[in-house]
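This report describes the fold, surface and core of one protein chain, moving from the whole chain to single residues.

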Amino acid sequence: MTFSSPFAADQPAHPLDYWISPELARISPPNAPSRLRQLADAQGALAAAWSSAIGCGPVLALGGGFVSLPGIASRGTTTLVTVIGAYLLIVILLVTCIFVPSVVLGRARQSFRRRVRANPVLRTAVEDDLATWRDPYGTASYGPL
């Protein structure tokens, strides 16, 4: 006589290594919704916001230093230096606030995959989430990443 556990249906169909494999991600549509993609995109958005905030501090300090620059007015080269300096500050600010966060967001899934493999605490948390997560709105799968 065999006994079946009432929790057998709650076991994940595939292990975490299956869902985070790059091969599975390559063959699945990039816009297909999954729980792992939601987690990776959310952490990527947070990392992108921090990268922008951290990068903007030095740029704003550099801008402030450029505006309290006292020796330029006495030499008579204010216009040329001001135009070139303002242009460079705007370019640096755009790179810091737009380009860097977009690169961080674009690599969020690969970064999340690498961090899950390298960090045992994060891996345990994701495995616990895999064991308990069920799609509240439909039949979306846990992965691929």
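The protein chain exposes about 9,900 Å², of which carbon and sulfur atoms supply 68%. The model is a predicted one, and in it buried residues make up 26% of the 145 residues in the protein chain. The chain holds seven helices and zero strands, so that its elements, read from the N terminus on, follow the order α-α-α-α-α-α-α. Among the contacts with a separation of 6 or more, 76% are between residues 24 or more positions apart.

Helix α3 can be checked against its expected span: because each residue should add 1.5 Å, its 33 residues should span 48 Å, and the end C-alpha atoms are indeed 48 Å apart, which agrees. Its buried residues are L36, R37, A40, G44, A48, S51, S52, G55, C56, V59 and G63. In general, an α-helix has 3.6 residues a turn, so residues three or four places apart point the same way.

The largest nonpolar core has 14 residues, and those with the most contacts inside it are L16, L36, F112, V116, V126 and Y142. The elements that give two or more residues to this core are listed below.

| Element | Residue range |
|---|---|
| α1 | 16–19 |
| α3 | 35–67 |
| α6 | 108–118 |
| α7 | 120–132 |

Of these, α7 gives the most to the core, with three residues. Leaving aside residues up to four places away in sequence, V116 touches L16, I20, L122, R123 and V126; L16 and V126 are, like V116, listed among the residues with the most contacts inside the core.

Note on methods: Residues numbered from 1 in each chain as written. Predicted model: local features only at pLDDT ≥ 70, side-chain atom pairs only at ≥ 80, totals over all residues. Heavy atoms only, no water. Core = buried A, V, L, I, M, F, W, Y, C linked by side-chain atoms within 4.5 Å. Buried < 20%, exposed > 50% of the residue type's maximum accessible area, 1.4 Å probe, protein only. Helix = DSSP H or I, 4+ residues; strand = E, 2+ residues; numbered from the N terminus. Contact = heavy atoms within 4.5 Å. Areas by Shrake-Rupley, 256 points an atom, 1.4 Å probe, with all protein chains shown as cover. Expected span 1.5 Å × (residues − 1).
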